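Trainee: I'd like to practise reading a structure from the big picture down to single residues. Could you take me through one?

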Amino acid sequence: MSDTIKRKLLVVEDDPGLQRQYKWNFEDYDVQIAGAREEALEIVDRDQPAVVTLDLGLPPDEDGTSEGLACLEQILAKAPHTKVIIASGHGARESALQSISLGAYDFYQKPVDPDQLGLIVQRAYHVYDLEEENRKLATGQQSSRLNRVITASESMNKVCNIVERVAPTNVSVMLLGASGTGKELLARALHELSDRKDKAFVAINCAAIPENLLESELFGYEKGAFTGAVKQTVGKIEVAHGGTLFLDEIGDLPFPLQVKLLRFLQERVIERIGGRKEIPVDVRVVCATHQDLETHITENLFREDLFYRLSEIVINIPPLADRDGDAVLLAHNFLNKFNKELKRSVKGFSKEAIAVISGYHWPGNVRELENRIKRAVIMCEGTKIDATDLELAVDEMEEELLNLKQIRELADIKAIRKALANANGNVSHAAKLLGVSRPTFYGLIKQYNINL
């Protein structure tokens with residue numbers, strides 16, 4: 001491992017012989033040595049190391065633990081996400097219990113076994129990285145390639161994976177989902193991950209524009225084409241040349257316009273209203289609807305040939321109620337957003353509010369959740385949003401399941417995702433909420449193939 005990518009590891013140890021041993025054992029890390037509390041705290045301030053190994057027997061209390069425990073508390077006060085591994089031979093059991101209660105990540109009893117301690121340090125970095133990723137996710141700073149898409153649910157992660165695979169192609173994509181599920185967000189992600197990202201992303205809502213204006217909005221018109229056409233006007237399709245055209249609520253497109261849109265998709269040329277010239281246009285078409293287009297086809301409300309032209313790839317977006325843990329995760333993100341926008345300083349959610357957010361079925365999906373959180377931030381009178389600020393009625397009735405193994409598995413998965421969401425992405429806190437150890441928690445994550 002080159003020096004440029006070595007990770008910083010702080011070793012707090014006063015024994016010169018052990019200091020040399022740590023340096024030798026952890027040659028793959030940028031090891032910083034501190035022999036006393038003040039020196040250790042200076043390094044924490046300067047380097048913010050992700051992992052620290054700490055000997056409890058520090059001067060002036062080399063034979064006790066008071067100085068080491070004080071150092072532990074001060075490190076975590078300065079850097080609460082740092083993983084502190086206690087390595088000590090002082091009263092192992094009592095020291096371990098006290099250290100863990102103060103927030104230590106793990107405890108290792110001396111004499112030092114280099115291989116075992118190396119594994120503990122490696123695992124500590126792994127846990128730190130996972131928690132950092134979840135913290136970014138919860139604050140809307142996620143490193144996901146899908147910009148602004150925040151999720152921890154398996155169903156939505158599958159959607160994101162499909163978007164990533166489809167984005168570099170030029171196939172037309174149909175996004176199906178209820179209102180408020182984030183169809184335009186995913187359409188923009190398809191554009192931003194494509195070779196067309198530097199060109200225009202043009203969105204038009206087919207349901208929001210009167211039928212008599214929609215044709216000119218899409219195709220444009222020449223000067224004098226109709227009363228009021230005082231100048232030549234370029235349509236949305238033409239504006240999107242080289243980029244992506246997003247047709248939202250395509251199910252509301254009037255039947256006569258469906259014919260004209262189909263011709264464009266087949267020939268890749270348009271004619272402005274009142275014009276005779278064919279204009280070549282290169283666009284990638286993405287459309288979305290909450291309607292059942294196949295039913296529309298049987299009722300002669302939507303052209304079957306147009307449907308197949310628009311739906312080379314179909315992506316079904318799950319409702320928020322089917323995205324375990326996402327409601328709470330998004331709620332934290334919206335809280336941060338509206339705190340900044342509204343210049344408020346609401347600290348978080350009460351346990352009762354978290355329970356309500358988790359249990360509510362969210363018929364309006366993410367849009368409804370966003371509106372509720374905005375209102376709650378405005379109306380909140382305390383330091384945290386309470387259940388009463390949300391004004392939601394939770395239906396606790398759930399579909400009956402008869403297979404006991406399935407019930408247990410679903411309950412485990414739901415509990416794990418809710419714990420992660422309620423802990424704001426902190427894996428250690430999530431394990432504590434579930435009443436299990438970190439190794440057990442990671443075993444469950446692996447068993448149920450849950451994405452962190």
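**Reading the model together**

Mentor: Sure. Let's start with one residue: G274 touches E222 and A225, leaving out residues up to four places away in sequence. Keep in mind that this is a predicted model.

Trainee: Where does G274 sit, and is it buried or exposed?

Mentor: Look at the secondary structure, then at accessibility. G274 is in the loop between β11 and β12 (279-280). Its relative accessibility is 64%, and exposed means over 50%, so G274 counts as exposed.

Trainee: How far apart are G274 and A77 in space?

Mentor: They are 71 Å apart, C-alpha to C-alpha, with their positions 197 residues apart in sequence.

Trainee: What does the radius of gyration say about the overall shape?

Mentor: Hold the value against that of a compact globule. For 452 residues such a globule would be near 22 Å, but the protein has 29 Å. The box is another way in: along the principal axes, the C-alpha atoms fill roughly 95 × 50 × 45 Å.

Trainee: And what is the protein built from?

Mentor: Count the elements: there are 19 helices and 16 strands. Then check the contacts. Among those between residues at least 6 apart in sequence, 67% join residues at least 24 apart.

Trainee: How much of the protein is buried, and what does the surface consist of?

Mentor: Of the 452 residues, 47% count as buried. The protein exposes about 23000 Å², and carbon and sulfur atoms supply 49% of that.

Trainee: How do I read the charges?

Mentor: Compare mean positions. There are 55 positive and 68 negative charges, and their mean positions are 5 Å apart.

Trainee: Now a helix. Which residues of α14 are buried?

Mentor: In α14 (residues 351-359), the buried ones are A353, I354, V356 and I357. They lie on the same side of α14, because they cover an arc of only 160° around the axis.

Trainee: Can we zoom in on I354? What is it in contact with?

Mentor: Skip the neighbours within four places in sequence, and I354 is in contact with V328, H332, F349 and N422. Take V328: it is 26 residues from I354 in sequence, yet the C-alpha atoms are 6.7 Å apart. The relative accessible area of I354 is 9%, so this residue is buried.

Trainee: What about α7: what covers its buried residues?

Mentor: First list them: K183, L186, A187, A189, L190 and H191 are buried in α7 (residues 183-192). The cover includes one helix, α6 (154-166), along with strands β6 (173-176), β7 (201-205), β10 (244-248) and β13 (284-289).

Trainee: On to the backbone. Which residues have a positive phi without being glycine?

Mentor: Two to look at are R268, with phi of about 60°, and W362, with phi near 50°. R268 is in the loop between α10 (255-267) and β11 (269-270), while W362 is in the loop between α14 and α15 (365-379).

Trainee: Are those two buried or exposed?

Mentor: R268 is partly exposed, at 32% relative accessible area. W362 has 2% relative accessibility and counts as buried.

Trainee: Last one: where is there a cis peptide bond?

Mentor: Check omega. The bond joining P59 and P60 is cis, with omega about 10°. P60 lies in the loop between β3 (51-54) and α3 (66-78).

Key: Residues numbered from 1 in each chain as written. Predicted model: local features only at pLDDT ≥ 70, side-chain atom pairs only at ≥ 80, totals over all residues. Heavy atoms only, no water. Buried < 20%, exposed > 50% of the residue type's maximum accessible area, 1.4 Å probe, protein only. Helix = DSSP H or I, 4+ residues; strand = E, 2+ residues; numbered from the N terminus. Arc of directions from axis to C-beta. Rg over C-alpha atoms; globule rule 2.2 N^0.38 Å. Contact = heavy atoms within 4.5 Å. Areas by Shrake-Rupley, 256 points an atom, 1.4 Å probe, with all protein chains shown as cover. Lys, Arg positive; Asp, Glu negative; His and termini not counted. Charge placed at Lys NZ, Arg CZ, Asp CG, Glu CD.
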